[in-house]
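Work through the following exercises with the sequence and the coordinates open beside you. Each task is followed by a solution that goes step by step.

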Amino acid sequence: MFRATIFTLYPDFFPGPLGQSLSGDGLARGLWALETRQIRDHGLGRHKSVDDTPAGGGPGMVIRADVLAASLDAGLGADDARPRLLMSPRGRPLTQSRVRELAHGPGVAIVCGRFEGVDERAIEARGLEEVSIGDYVLSGGELAAMVLLDACVRLIPGVMGKLESGSDESFESGLLEYPHYTRPRDFEGRNIPDVLLSGDHAKIAAWRREQALAITKARRPDLLKRP
Ligand code: SAM
């Protein structure tokens, strides 16, 4: 079963939106499991302090390597083979192919950063793989972890119904998805394209591919250049 263990200073964020809809149903049905670990449980002193000022100066605070490592060591067994991810704007951008790989594995351990981030030595010493969800900066890794988990969990067998199967979706074929239509046939003078009402499945498939290609060319030409 896909198991997610989240290391965070804000465990109450979870399951949050992951407790709803497809991922929430999957969680309730035992198709995946979610556990949170409070990093502060391994904090130092009376105040359970987890952070300190950056060496070399500068703004903000940094999560201490010893505190984070202690939390990871207590939360993950030595034989735990799950990828250890650190949500980070500096990380490799998350892609659908990485999501698919993760979804088909045993699960993930995810560290959610806060403040200025995490002491580099904890990243190195505990082999954390930095993952970014986009070129912008969030205030913490929790929402980023939820994005990653939502994308993974919907691919776990049984979570999505057959009707919602993801094989046609954006990125799965290297293209963005074609446009969708449903009833009514005429909406404010805009009609469903005739080909979709023709019943000719080969023509429909060709039209959708053409549309997907045109949309990808216009919006994300970079996708067409990917190997
Ligand atoms: N000082 C960091 C930098 O400039 O790269 C930003 C730290 S950010 C305020 C705090 C935490 O939010 C990060 O440690 C990370 O866990 C999370 N975070 C922010 N933006 C993210 C993104 N685009 N993808 C993944 N995680 C992100």
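**Exercise 1.** What percentage of the 227 residues in the protein is buried?

*Solution.* Begin with the conventions: this is a predicted model, in which local features need pLDDT of at least 70 and side-chain atom pairs count only at pLDDT 80 or more, while totals for chains, interfaces and linings use all residues. Residues are numbered from 1 along each chain as its sequence is written, and side-chain values use heavy atoms, with hydrogens and water left out. Buried means under 20% relative accessible area, taken with a 1.4 Å probe and the protein chains only; by that criterion, 38% of the 227 residues are buried.

**Exercise 2.** Describe the fold in terms of its elements and its extent.

*Solution.* Counting DSSP runs, with helices as H or I of at least four residues and strands as E of at least two, gives seven helices and nine strands. The C-alpha trace then spans about 70 × 40 × 35 Å along its principal axes.

**Exercise 3.** Identify the surroundings of the ligand and its polar contacts.

*Solution.* Taking residues with a heavy atom within 4 Å, one finds 19 around the ligand, the closest being Met87, Gly113, Glu116, Tyr136 and Leu138. Next, look for polar contacts, which are pairs of N or O atoms within 3.5 Å: a ligand nitrogen atom is 3.0 Å from a polar backbone atom of Gly134, and for a ligand nitrogen atom and a polar backbone atom the distance is 2.8 Å at Tyr136 and 2.9 Å at Leu138. Finally, by the Shrake-Rupley method with a 1.4 Å probe, the protein covers 82% of the 580 Å² of accessible area that the ligand has on its own.

Notes
Buried < 20%, exposed > 50% of the residue type's maximum accessible area, 1.4 Å probe, protein only. Polar contact = N/O pair within 3.5 Å; in protein donor to acceptor, adjacent residues only side chain to side chain.
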